[in-house]
Amino acid sequence: MKSKYRWVVVIIFFIFMLLHQTDKLLINPMAPQIYEEYNLSDTQWGAISTAALVVGAFFYPLWGYLYDRFTRSKLLSLASLIWGSTTWLSAIAPNFNIFLISRASTGIDDSSYPGLYSLIADYFPPEVRGKIYGLLQLTQPLGYMAGLILATTVAVSFGWRNIFLITGSLGIVLAVIIFFFIKDVPRGTAEPEFDSGEKVGNYKFEWGKVKAVIKKKSLILMNLQGFFGVFPWNTITAFIFIYLAEERGYAEADILLTMAPAILILALGYPLGGALGDYFFKKNRQGRIIISLFGVLVGALLLFITLKIPVENKTAFGIMLAFTSLLIPISSPNVTSTVNDVALPEIRSTAMSIQYFIESSGAALSPLLTGIIADALRNANNPRPRETAILIICTSAWIICGVFYYITTKFIVGDINSLRTEMKKRASLSE
């Protein structure tokens, strides 16, 4: 599809994801306020993120199935409506138990992205998808940045509950916009073997196709790395602010000055990773995986160096945190692109949902596990228990991912060629 309209779709999805990520990640920089109101332990705090991730993991397969069977744009509108409604419930929760339940319910819409990525794959060909996914995924750190600014400025005087009321309302507004302005297109429209949407053919979702794709060795390995690959992001987002405030003694102004540059540079890592993946993919179909391998291994090394910088050296810590942040997201758009590189168009939402289900299963463990480790280390008189817990979780997870990425390079070319052969066959039948 060559029309300018596809860029309208990208803009609307970018705004949707940016506001949704702001709402989702806003809770972490507001940790001190919520800790104080509910008198939380680290284990309870970790449980909040874990509960939402568990619910999200449960809903991934359902969203994936629905997206591959029904109109994706209308389902995305429903997801946005659910986002707004569940955030409102969080804002009015009178005690911790109800707050925990309401935050868990936000996981329902958090698992709605596979349909969005599948629809984008039908607007853009494989050679540029990495860039588009990278552009859309930079909404995660930008949303984190917006949440940081809101938490350290507006929320201080306005209150964290009122902030959630505002972001929830925006979710309802976006639901209306998506419902009326986003069009679905035939699945497979943007595949290079087809000249126009009319030639795509009427290929439907079938469970046999799902079983076939999940048996592909490259996707098995990508799913295994995905289980561990999300540990670092969820650990860092859940604990970095409380770690800076209590273990490094940073005031709110120090936290903002440290995290703002890091988050902005982290945002660059998404389009950079997507662009590098596309560039090397054109030269070698192992390219996306090689870029991902580089990102996780170098990222693990830099994080270790960063957290070991003395507390009093704030400048060096901030600089190294920024360098580390650039590497953290490089693999993300390449994983999304790789799933679309090997899955048939009519089951891409389901294939992505399986990937995200496995990722969320791992992600659900990481905040709670980090909190448990931190509490255990505190009882053992460790001077900086959260720092140690973050290092244990993040570096070990990235090393494991590196191993799986390396093995994936042995199988990815064959699985991509298999899809391209099938697309050529379909193109010849439609002539």
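**Buried residues, cavities and helix contacts in a predicted model**

T235 is buried, with a relative accessible area of 0%. The structure analysed here is a predicted model, and T235 lies in helix α14. The side chain of T235 is joined to that of T370 by a polar contact of 3.0 Å. When neighbours within four places in sequence are left aside, the residues in contact with T235 are S366, T370, I390, I393 and C394.

One of these contacts, C394, is a cysteine, and the cysteines were examined for disulfide bonds. A search of the whole structure finds 0 disulfides. The cysteine sulfur closest to that of C394 belongs to C401 and lies 11 Å away, which is too far for a bond. A disulfide requires two cysteine sulfur atoms within 2.5 Å, and the 11 Å separation therefore rules out a bond between C394 and C401. Seen from the other residue, C401 is likewise in no disulfide, its nearest cysteine sulfur being that of C394 at 11 Å. C394 is buried, with a relative accessible area of 0%. C401 is also buried, and its relative accessible area is 1%.

Enclosed space was considered next. Rolling a probe the size of a water molecule over the atoms shows where empty space is left. The structure holds 3 cavities of 30 Å³ or more. The second largest cavity contains about 170 Å³ of space. Its lining is made up of 17 residues, and those nearest the centre are I236, M259, L321, S325 and I328. Two or more lining residues come from each of the helices α9 (139-152), α14 (231-246), α15 (252-283), α16 (287-307) and α17 (314-327). Helix α14, which gives residues to this lining, is also the helix that holds T235. By character, the lining of the second largest cavity divides into 14 nonpolar and 3 polar residues, with no charged residue.

Helix α5 spans residues 96-105, and its buried residues are F96, F99, S102, R103, A104 and S105. The elements that cover these buried residues include α1 (5-25), α2 (31-38), α3 (42-69), α4 (72-91), α6 (107-110) and α11 (160-181). The N-terminal end of α5 is capped by N95, in which a side-chain oxygen lies 3.2 Å from the backbone nitrogen of N97.

Two of the elements that cover α5 are α2 and α3, and the loop between them contains N39. Most residues other than glycine have a negative phi, and most peptide bonds are trans. The phi of N39, by contrast, is near 55°, a positive value in a residue other than glycine. N39 is exposed, with a relative accessible area of 67%.

A further residue, K209, is placed in helix α12 (residues 207-214). K209 is buried, with a relative accessible area of 16%; this value counts as buried because the limit is under 20%. Apart from neighbours within four places in sequence, K209 is in contact with Y203, K204, L344, E346, I347 and R426. The side chain of K209 also reaches the backbone oxygen of K204, at 3.1 Å. Relative to N97, K209 is 112 residues away in sequence and 42 Å away in space, taken from C-alpha to C-alpha.

Notes. Residues numbered from 1 in each chain as written. Predicted model: local features only at pLDDT ≥ 70, side-chain atom pairs only at ≥ 80, totals over all residues. Heavy atoms only, no water. Buried < 20%, exposed > 50% of the residue type's maximum accessible area, 1.4 Å probe, protein only. 1 Å grid on protein atoms, 1.4 Å probe; cavity = no way out; pocket = protein on both sides within 12 Å on 5 of 7 lines; lining within 4 Å. Points joined across faces, edges and corners; volume = space filled by probe spheres on them. Helix = DSSP H or I, 4+ residues; strand = E, 2+ residues; numbered from the N terminus. Nonpolar A, V, L, I, M, F, W, Y, C, P; charged D, E, K, R; others polar. Contact = heavy atoms within 4.5 Å. Polar contact = N/O pair within 3.5 Å; in protein donor to acceptor, adjacent residues only side chain to side chain.
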